[in-house]
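Me: Please take a close look at the charged side chains in the structure shown below. I should like to know where they lie and with what they pair.

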Amino acid sequence: DPFYPKCNLATGECETSGGGDISDSGDTEIPDSSDSTDSGDSDTNDDDSDSDTSDSSSDTTSDDDADTAEESVGKTVMTEDFEDGGTNWTIVPATEETPCWEIGAPTSGPEAANGGTNVAATNLAGNYLPNCKDLFYYKTSISVPSSGKPEINFYAWVDLIGNGYSPFDYVEVLVKKSEDTWELTDTGVPLVADTPSALSALDNHKTKITKQLGTNYYKFTGDLSAFKGKSVDIGFRFTSDGSDEAAGFYLDD
């Protein structure tokens with residue numbers, strides 16, 4: 001109690017400090033049973049503690065709700081670095097020609113992975129091929145969390161022929177519900193590029209990765225909020241026209 005000094009019940013001595021006036025600390029008496037009603041006050045405080053416990057129980061319930069709502073926030077559902085050679089991925093060429101995707105250690109473009117050794121690229125050893133429209137997708141469906149803001153994040157080195165208005169050669173990130181078909185998925189998800197400027201590697205609609213950036217691996221982020229709580233398949237589609245090839249697209253992490 002801030003209004004009374006601290007006392008030693010064994011000796012009857014009290015400190016002179018405190019809010020109450022003590023004329024002679026030696027005369028301070030240990031409270032008798034009549035003063036034990038103060039203990040009743042303590043019991044009242046105990047009742048208050050029980051109330052606090054009830055409040056804590058409410059808080060715990062709230063925390064549980066919060067935990068349920070945020071159980072997937074910050075959680076990585078799937079990750080890939082291609083160090084196993086991309087065993088979980090499938091390349092679907094648009095024609096019977098050589099597929100326009102490869103997995104391995106690059107000797108052209110950035111000549112290195114963003115991390116480790118391997119990447120997925122439009123060509124590991126030279127410029128990409130013309131007239132491509134090949135799909136490169138993850139074979140296992142992914143359950144998108146129903147809470148938070150689900151995203152896909154990846155790193156890419158980009159050197160593709162195109163501009164904001166006319167992306168002649170480009171890569172799109174495709175997401176479809178597991179029950180749908182890739183043929184019906186004709187638009188890539190909107191992306192944000194952590195590049196020198198917002199559109200330095202994207203077209204004006206921000207759904208196509210294009211342009212001759214070709215300097216570093218940059219981080220790209222796609223918003224998957226439209227697929228919350230759904231089971232989806234994720235892929236990358238590379239498209240090139242019949243002329244003017246460049247180093248290409250190198251995907252990692």
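Reply: D253 is a suitable starting point; this residue is partly exposed, because its relative accessible area is 33%. Here buried means under 20% relative accessible area, exposed means over 50%, and partly exposed lies in between (1.4 Å probe, protein chains only). The areas themselves come from the Shrake-Rupley method with a 1.4 Å probe, and for residues only the protein chains shown count as cover. The model is a predicted one, in which local features need pLDDT of at least 70 and side-chain atom pairs count only at pLDDT 80 or more, while totals for chains, interfaces and linings use all residues. Residues are numbered from 1 along each chain as its sequence is written, and side-chain values use heavy atoms, with hydrogens and water left out.

D253 is found in the segment after β13 (248–252). Together with D81, E83 and D84, D253 forms a negative surface patch. Such patches are made of residues with over 30% relative accessible area and no salt bridge, like charges being joined within 9 Å and nonpolar side chains (Val, Leu, Ile, Met, Phe, Trp, Tyr) within 5 Å. Asp and Glu count as negative and Lys and Arg as positive, whereas His and the chain ends are not counted. The place of a charge is taken as NZ of Lys, CZ of Arg, CG of Asp or CD of Glu.

The setting of these charges is a chain with one helix and 13 strands. Helices (H or I, at least four residues) and strands (E, at least two) are DSSP runs, numbered from the N terminus. Of the 253 residues of the chain, 36% count as buried.

Some charged residues lie in the interior. K176 belongs to strand β9 (residues 170–177) and is buried, because its relative accessible area is 6%. Its side chain reaches the backbone oxygen of D180 at 3.0 Å. The side chains of K176 and D233 are joined by a polar contact of 2.8 Å, a polar contact being a pair of N or O atoms within 3.5 Å; within protein, one atom must be able to donate a hydrogen and the other to accept it, and residues adjacent in sequence count only if both atoms are side-chain atoms.

Side chains of opposite charge can pair when their charged atoms come close. A salt bridge is a side-chain nitrogen of Lys or Arg within 4 Å of a carboxyl oxygen of Asp or Glu, and by this rule the count comes to three. D233 and K176 form one of them, at 2.8 Å from N to O. This pair links distant parts of the chain, D233 in strand β12 and K176 in strand β9, 57 residues apart.

E172 takes part in a salt bridge with R237 at 3.0 Å, N to O. Here strand β9, which holds E172, is linked to strand β12, which holds R237, across 65 residues. Both of these residues are buried. E172 also meets K208 in a salt bridge of 4.0 Å, N to O. K208 lies in the loop between β10 and β11 (218–223), 36 residues from E172. Salt bridges that share partners thus join E172, K208 and R237 into one network.

Other acidic residues lie at the surface. E111, in the loop between β4 (102–104) and β5 (119–121), is exposed, with a relative accessible area of 56%. D244, in the loop between β12 (231–239) and β13, counts as exposed at 55% relative accessibility.
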